[in-house]
Amino acid sequence: MIYTVTLNPSLDYVIRVEDFETGKVNRSLEEHIFYGGKGINVSAVLAHLGLESCALGFAAGFTGEEIIRGIAAMGLRAELIRVEKGMSRINVKLKSDQETEINGTGPVIGEKDLERLFEKLGKLTDGDVLVLSGSVPPSAGPSVYRQILQQVSGRHVLTVVDAEGELLLGTLPFHPFLIKPNVKELEGIFGSLLKENGQIVDCARKLQEMGAEHVLVSMAGDGALLLTKEGDCYEQKAARGQVKNSVGAGDSMVAGFLAGYLERRDYQYALKLGCACGGATAFSDGLGTGDEIWKVLGRL
């Protein structure tokens, strides 16, 4: 079974405004609400590819109840833990000449809440897959992903981490199977601008030296590259199309790579399917559907 963990799921309120101006009343051209969070996005795209998963995480307040309802309506299996304090996030995504995001904080996660999550993770067995994605509520602390990988260590669980900064770095001693930073996140970790693929590969190799097995780097319109634990480097150009949306593209890439790898154990195919999924989402208002993914794959 594939398990995705979204400790800080959200309602994503996406608004499109023509020529947005600060300090003035702006009227929206269109509005959408999506049930978001990086792990939930991974679960949704996996479902579009025909793979079942179980979404784990926390929910709080009336927004949390709506997230639980919405995930069920999407046909996804989920076991979100209800917590008492705070509320699940509403993230505002403003699309105009540029994309602007205002992301909420999320609920208050207590020790007993984390214990309930660890109980669920205790059910994972050899051959299961665990995907840790996205930010965490401040109350959960920056070491929570490290704690999770420490708990499943030794159980032959295939682990994937898509997170920033300390959240990601803390997991590396537990040798995650795959990590997926983007170029901006790499720049934040290593404190330098990365303008050439060779520089990106060097940074990916440093992350391997710190413990990661495979490093998948998403590069937006430039596609993606994969540095494998065997030391091979694969590159995939992005599909061409009209970009409508960047939200969830990286999560879609994770889902596509994972689906491709589990199907064929072929790195090049997994990378190609990952880029197709990321492209399908980028060319859509929401997450790319199965039909859209296969169409983009045919153009790569």
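**An enclosed strand, its sheet, and the pockets around them**

Strand β1, residues 2-6, has five of its five residues buried, so the strand is largely enclosed by the rest of the structure. The model described here is a predicted one. The side chains of β1 are split between two directions: Ile 2, Thr 4 and Thr 6 point one way, Tyr 3 and Val 5 point the other way, and all are buried. This arrangement can be read against a general rule. In a regular strand, side chains alternate between the two faces of the sheet.

What joins β1 to its neighbours? On one hand, five bridges connect β1 with strand β4 (residues 53-59), and these two strands run parallel. Within that pairing, Tyr 3 stands opposite Cys 54 of β4, while Val 5 has Leu 56 of β4 as its bridge partner. On the other hand, β1 is joined to β8 by four bridges, again with the strands running parallel. Here Val 5 stands opposite Leu 132 in β8. Val 5 thus has a partner in β4, Leu 56, and a residue facing it in β8, Leu 132.

These contacts belong to a wider sheet. Nine strands make up an open sheet with mixed pairing, in the order β5-β4-β1-β8-β9-β10-β11-β12-β13. Its edge strands are β5 (77-82) and β13 (233-236), each of which pairs on one side only. In this order β1 sits between β4 and β8.

Attention now turns to the helices. In α4 (residues 144-152), the buried residues are Val 144, Tyr 145, Ile 148, Leu 149 and Val 152. Viewed down the axis of α4, these buried residues fall within an arc of 135 degrees, so they line one face of the helix. The spacing has a familiar background: an α-helix has 3.6 residues a turn, so residues three or four places apart point the same way. As for the packing partners, the buried residues of α4 pack against α3 (111-121), β8 (129-133), β9 (158-162) and α5 (165-169). Just after α4 comes Gly 154, with a positive phi of about 90 degrees.

Helix α1 offers another view of burial. Eight of the eleven residues of α1 are buried, so α1 is largely enclosed by the rest of the structure. The buried residues of α1 are Gly 39, Ile 40, Asn 41, Val 42, Ser 43, Ala 44, Val 45 and Leu 46. After α1 comes Gly 50, which has a positive phi near 90 degrees.

What volume does the largest pocket have? The computed value is about 1,500 Å³. The lining of this pocket takes in 49 residues, and Lys 38, Asn 182, Ser 246, Gly 248 and Gly 250 lie nearest its centre. Two or more lining residues come from each of β2, α1 (38-48), β6 (89-95), β7 (99-102), α6 (183-190), α8 (249-264) and α9 (267-282). By class, the lining of the largest pocket holds 13 nonpolar, 23 polar and 13 charged residues.

The second largest pocket has a volume of about 250 Å³. Among its 15 lining residues, Val 157, Thr 159, Phe 174, His 175 and Glu 213 are the closest to its centre. Helix α4 and strand β9 each supply at least two residues of this lining, and β9 is also one of the elements against which the buried residues of α4 pack. The lining of the second largest pocket divides into seven nonpolar, five polar and three charged residues.

Enclosed space is also present. A search of the whole structure returns one cavity of 30 Å³ or more, and the volume of the largest cavity is about 30 Å³. Its lining consists of Val 14, Ile 15, Arg 16, Glu 30, His 32, Lys 95 and Asp 285. Strands β2 (10-17) and β3 (28-36) are the elements that give two or more residues to this lining, with β2 giving the most, three residues. By class, the cavity lining comprises two nonpolar, one polar and four charged residues.

A last note concerns Arg 264, which lies in helix α8. Arg 264 is partly exposed, with a relative accessible area of 48%. Its C-alpha atom is separated by 31 Å from that of Lys 244, a residue 20 residues apart from Arg 264 along the chain.

Terms used:
Residues numbered from 1 in each chain as written. Predicted model: local features only at pLDDT ≥ 70, side-chain atom pairs only at ≥ 80, totals over all residues. Heavy atoms only, no water. Buried < 20%, exposed > 50% of the residue type's maximum accessible area, 1.4 Å probe, protein only. Arc of directions from axis to C-beta. Contact = heavy atoms within 4.5 Å. Pairing = 2+ DSSP bridges. 1 Å grid on protein atoms, 1.4 Å probe; cavity = no way out; pocket = protein on both sides within 12 Å on 5 of 7 lines; lining within 4 Å. Points joined across faces, edges and corners; volume = space filled by probe spheres on them. Nonpolar A, V, L, I, M, F, W, Y, C, P; charged D, E, K, R; others polar.
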